[in-house]
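Trainee: Could you take me through one part of this model closely, and show me how that part sits among what surrounds it? I would like each term tied to its cut-off as you go.

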Amino acid sequence: MLLDPSQARAVFLYALEQRFALLAVNADSPAAVTDVLEAAKSEQAPVMIEASLWQLTGQSFGAGDPALGLARYLVQIALLANAERFRDVPVLFHTDHIKGPVTLPLLRSAIRGLPTGVESTVVSPSTISLDSSGMNEADNIAALCDLGETARACGRLVTLEMEAGVDDGITPLDVTERLLGAVESRIPGQLALWAPGVGTQHGLGEQTAFSAQAVERHQKRASEVAGRPLGIALHGSSGLSEAGLHDAVRAGVVKVNWSSESLLLRSQSAQEFYSTRAAALQKGHPDWKATAMDHGVQSFVSQRYLPRVRERIRLLGGSDRAPGCLAQLRHLA
Ligand SMILES: [Zn+2]
């Protein structure tokens, strides 16, 4: 089931209490989304799907139009996650690394509800973040508060992740105090995740500077500033060791973004599929059609990819957590 912003908050809180993290997969095709949900179902785990601007504008979704892309992404994920097959899998959809001039208009529309083209139905993400890497502190605060105020003005709930310098080494605690303090005073209660720099880097490089102590310090200070428990979102997890991931979760990480390694796993599997079937893609070959159709390569990729997603979910302690999450959601209702 696809969770709304208030259900998302309850799941993050539960993850923090129970010390597990949700795998948040940056998925760039409908096939990737299906694979992630299948993996989560097999592990009985909650899971997050997230999309960046380049996916929203890509051919699978908006074909140049980010608002159309976000609506199309959300409609597809809502349809799949709310199907009987995935009724017991808590699924969160998150906007990740949205940047540039389109950021605020796009995210405001998402909070108000994006039109689906079907009668008066609208769709909204479970949780929202934006890419603040090019922003100073004042702009970062202003952008988050703009989103919170948009939600308040239209009477809808939003659940926000705030980030600062995720690729710039370890964020000083006084930055956490200034940023979260300012946002909490203007839009109290709308932040659920804090993503400071904790020594990781986006990409596939080895993560030698990661500090679980920094995660722990930030989780504590962020919660003190907010006056309620806030979990940490970890960016740049692809090159992190298994021990590093364990330590991160123990220290208070509740959401682990996974993009670079996931993309590479999928594209290398596709490369293997086509490179080992070159002859079958010739006219007249009896298997050309089965080889040429999207389903051919996608099912091959699934076989390689699913076990890796499941392994990642297990590493984060997410297996068998779906029933506990659903019980939390029943308390909300
Ligand atoms: Zn990131």
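Mentor: What follows starts with the whole chain, turns to helix 2 and its partners, and ends with a few single residues.

The model is predicted, so that local features are taken at pLDDT of at least 70 and side-chain atom pairs at pLDDT 80 or more, while totals for chains, interfaces and linings use all residues. Residue numbers run from 1 along each chain as its sequence is written.

For the setting, the chain holds 13 helices and 10 strands, where helices (H or I, at least four residues) and strands (E, at least two) are DSSP runs numbered from the N terminus. The C-alpha atoms occupy a box of roughly 70 × 50 × 40 Å along the principal axes. A compact globule of 333 residues would have a radius of gyration near 20 Å, and the 20 Å of this chain agrees with that; the radius is taken over C-alpha atoms, and the globule rule is 2.2 Å times the number of residues to the power 0.38. Of the 333 residues, 45% are buried, a term that asks for 20 or more other C-beta atoms within 10 Å of a residue's own, with 12 or fewer counting as exposed, anything in between as partly exposed, and C-beta atoms placed from the backbone. If one takes the contacts between residues at least 6 apart in sequence, 75% of them join residues at least 24 apart, a contact being two C-beta atoms, placed from the backbone, within 7 Å.

Now to helix 2 itself. Two packed helices are described by the angle between their axes and the distance between the axes. Here axes are lines fitted to C-alpha atoms, for helices over the stretch in contact, and angles run from 0 to 180 degrees between N-to-C directions. Helix 2 (residues 30-43) and helix 12 (residues 294-315) have axes that come within 9 Å and cross at roughly 45 degrees. That angle makes helix 2 oblique to helix 12, since angles under 35 degrees count as roughly parallel, over 145 as roughly antiparallel, 65 to 115 as roughly perpendicular and the rest as oblique. The crossing of this pair is right-handed, which is to say that the near helix is turned clockwise from the far one by less than a right angle, anticlockwise being left-handed. From helix 2 the contact takes Ala31, Asp35, Val36, Glu38, Ala39, Ala40, Ser42 and Glu43, and from helix 12 it takes Gln298, Ser302, Tyr305, Leu306, Val309, Arg310, Ile313 and Arg314. By class these are eight nonpolar, three polar and five charged residues, with Ala, Val, Leu, Ile, Met, Phe, Trp, Tyr, Cys and Pro counted as nonpolar, Asp, Glu, Lys and Arg as charged, and the others, Gly among them, as polar.

Helix 2 also packs with helix 4 (residues 66-81), the two axes coming within 11 Å and crossing at roughly 30 degrees. Helix 2 and helix 4 are therefore roughly parallel to each other, and their crossing is right-handed. Pro30, Val33, Thr34 and Leu37 of helix 2 make this contact with Gln76, Ile77, Leu80 and Ala81 of helix 4, a set with six nonpolar, two polar and no charged residues.

Helix 4 in turn packs against helix 5 (residues 103-112) at about 35 degrees with the axes 10 Å apart, again in a right-handed crossing. There Pro66, Ala67 and Leu70 of helix 4 meet Leu106, Ser109 and Ala110 of helix 5, giving five nonpolar residues, one polar and no charged.

In the loop between helix 2 and strand 2 (47-51) one finds Gln44, which counts as partly exposed because 17 C-beta neighbours lie inside 10 Å. Beyond its neighbours within four places in sequence, Gln44 is in contact with Ser319, Asp320, Ala322 and Pro323.

Two backbone angles also deserve a look. Most residues other than glycine have a negative phi. His97, in the loop between strand 3 (91-95) and helix 5, has a positive phi of about 50 degrees although it is not a glycine, and His97 is buried, with 23 other C-beta atoms within 10 Å. Glu119, in the loop between strand 4 (114-115) and strand 5 (122-123), has a positive phi near 45 degrees, and Glu119 is exposed, with 6 other C-beta atoms within 10 Å.
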